[in-house]
Amino acid sequence: MGIYLNPGNKGFWQSIRSEIYVDKTGLISQTNRYLNTEQQFICVSRPRRFGKSMALKMLAAYYSRGCDSAELFHGFQIEKDETFREHLNRYDVIFLNMQQFLIRAKNQEVTEYLERAVLEELRESYGELFSRQITGLAEALEKIYVKTDKQFIFLIDEWDCVMREKQEAEALQKQYLDFLRSLLKDQPYVALAYMTGILPVKKYGQHSALNMFWEYSMTDQYAFEEYTGFTENEVRELCGRYGMDFEKVSDWYDGYRFRQFRHVYNPRSVVAAMKSRVFSNYWTSTETYEALKIYIDMDFDGLKADIVQLLGGERVKVNTLSFQNDMHNFRTKDDILTLLIHIGYLGYDAEVKEAFIPNKEITGEFENAMSVSGWPEVMRILKASEKLLEDTLDGDEESVARGLDKAHTEAASILTYNDENSLACAIGLAYYSARKDYRLIREMPSGKGFADVIFLPLSSVGKPAIVVELKYDSTVDAAIRQIKDRHYSQALEGYAGEILLVGINYNRESKNKLHSCLIEKIEKTV
């Protein structure tokens, strides 16, 4: 066994010996399906700390020739799969961590260093099959295949590090991509190529230099959804084992959405919360908020309004197709939003093509980035939100109306306040602090009224639910009446206790008092 050629199973052995290991071996059944097919080139991109490297160690343990991994997989999901024995430890695996090559190459070409290092190991096993004059990795592998009929599985980690860390070095990027293309495309010695990174395959114009790869990214994971993060059932099991509040875990770390799996959790943060028994910003603590600040401060028309709408709990439409899959070439606000989806700061619903802030952990990161940047009007709204919530819970209608007037004044500089979504967004911002103890639920617009904004309390906080109905150029009585006439009970299914009905009217013609408020209390039984 070597470092690059057939690295063995120790990495996976360490994973399953860890205090928390969630069985993701079903991924192997997917890769087995794609061996030696038109789908054998797989690029899986996910945010940092989402288990990419762990998956590669598992695949290396399963496929690597020269070791016996059957016992390591005993009792796990893949052992029940009909293809398990067929491919177990039957292939030569070439494992490439591109981050390490980039660091170690120093002043050399990354690919030149890589070829020399991997060829050195290949010669130990197959040196008699190709001459010393051969210095190209692809040529050496061709010779081995012709003389032995053996195929290789390529596992490539941090494939995109050149794009991320050498952002302006386009000549280097193209040379690197051409190397990968020459190494892998149309080569008979390739049985499977599985590479991971944060970014999808780099584009030049509308084309990819690695167009043979099937891409599974945060905009659509397709068959790999279940293996992107922790699923709802997996988190429920962990909460039961560690005595953690599932509702709070969901509020903090859920939020990534795919077509089949609508609740995907940040695995790094869930594991950290289980081990420490404390809810905190674990994933974002591994990287300074400056990384987010750089992107949200970029001066693209409409970007600031979209970010504010996201922070207010709204969703925004995103065209992800123009993004060049790098961190340097941005042409529109959609490119920035698409990057934020890929690096994990935004969730994305492919069915409706909408982005959103996924959970409390990420919301706090946006707040941190704005607090040291040019967002003073937004920060004033957020800081005032604690008082607005207190006034609402106290039933102080006049103070609530004044607080909303102030929030309106601040938001008007960014948002088109007469727009339906913008009004709902401003209310979401004004009640920002409620998210500590509440889960925000939106419902669809109906007629002249706006979407109900429902604040459902977390089970442990002992506070009433709040239903807010927004209207303009109408009356607060009409808002309360609409709440009662509409069937909002589905959003409060399973909730019993006090509910505050909050009717808010925004008067566009008023020059002084823009908002009026009426608060009514009711009781709900299950």
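The side chain of Thr219 makes a polar contact with the side chain of Ser217, at 2.8 Å. This is a predicted model. Thr219 sits in the loop that links strand S7 (214-216) and strand S8 (230-231). Despite its place in a loop, Thr219 is buried, with a relative accessible area of 17%. The cut-off for buried is under 20%, so Thr219 falls inside it. Setting aside neighbours within four places in sequence, Thr219 is in contact with Thr320, Ile341, His342, Tyr348 and Ala350.

**The chain as a whole**

The protein chain has 526 residues, and 59% of them are buried. It holds 20 helices and 17 strands. Along the principal axes, its C-alpha atoms fill a box of roughly 90 × 50 × 35 Å. Take the contacts between residues at least 6 apart in sequence: 70% of these join residues at least 24 apart. One pair shows a wide gap in sequence. Ala272 and Ile20 are 252 residues apart in sequence, yet their C-alpha atoms are 9.7 Å apart in space. Ala272 lies in helix H12. Ala272 is also buried, at 16% relative accessible area.

**Helix H11 and its surroundings**

Helix H11 spans residues 246-253 and is mostly covered, with 6 of its 8 residues buried. Those buried residues are Phe246, Val249, Ser250, Asp251, Trp252 and Tyr253. What do the buried residues of H11 pack against? Their partners include three helices by name: H10 (232-242), H12 (267-276) and H16 (360-371). Strand S9 (264-265) and strand S13 (438-442) are partners too. H12 is thus both a neighbour of H11 and the helix that carries Ala272.

Both ends of H11 have a local feature. At the N-terminal end, Asp245 acts as a cap: one of its side-chain oxygens lies 2.9 Å from the backbone nitrogen of Glu247. Just after H11, Gly255 takes a positive phi of about 130°.

**A pair of packed helices**

Two packed helices are described by the angle between their axes and the distance between the axes. Helix H17 (residues 376-393) and helix H18 (residues 397-411) pack at an angle of about 170°, with axes 10 Å apart. That angle is over 145 degrees, so H17 is roughly antiparallel to H18. Their crossing is left-handed. On the H17 side, the contact is made by Glu377, Arg380, Ile381, Leu388, Asp391 and Thr392. H18 contributes Ser399, Val400, Gly403, Leu404, Ala407, Glu410 and Ala411.

**Cysteines**

A disulfide is a covalent bond between the sulfur atoms of two cysteines. How many disulfides does the model contain? With sulfur atoms required to lie within 2.5 Å, the count comes to 0. Cys43 is in no disulfide, and the nearest cysteine sulfur, that of Cys161, is 13 Å away. Is Cys43 buried or exposed? Cys43 is buried, with a relative accessible area of 1%. Cys239 is buried as well, at 4% relative accessibility.

**Buried residues discussed above**

| Residue | Relative accessible area |
|---|---|
| Cys43 | 1% |
| Cys239 | 4% |
| Ala272 | 16% |
| Thr219 | 17% |

Note on methods
Residues numbered from 1 in each chain as written. Predicted model: local features only at pLDDT ≥ 70, side-chain atom pairs only at ≥ 80, totals over all residues. Heavy atoms only, no water. Buried < 20%, exposed > 50% of the residue type's maximum accessible area, 1.4 Å probe, protein only. Helix = DSSP H or I, 4+ residues; strand = E, 2+ residues; numbered from the N terminus. Contact = heavy atoms within 4.5 Å. Polar contact = N/O pair within 3.5 Å; in protein donor to acceptor, adjacent residues only side chain to side chain. Axes fitted to C-alpha atoms, helices over the stretch in contact; angles between N-to-C directions. Parallel < 35°, antiparallel > 145°, perpendicular 65-115°, else oblique. Left-handed = near helix turned anticlockwise from the far one by under 90°.
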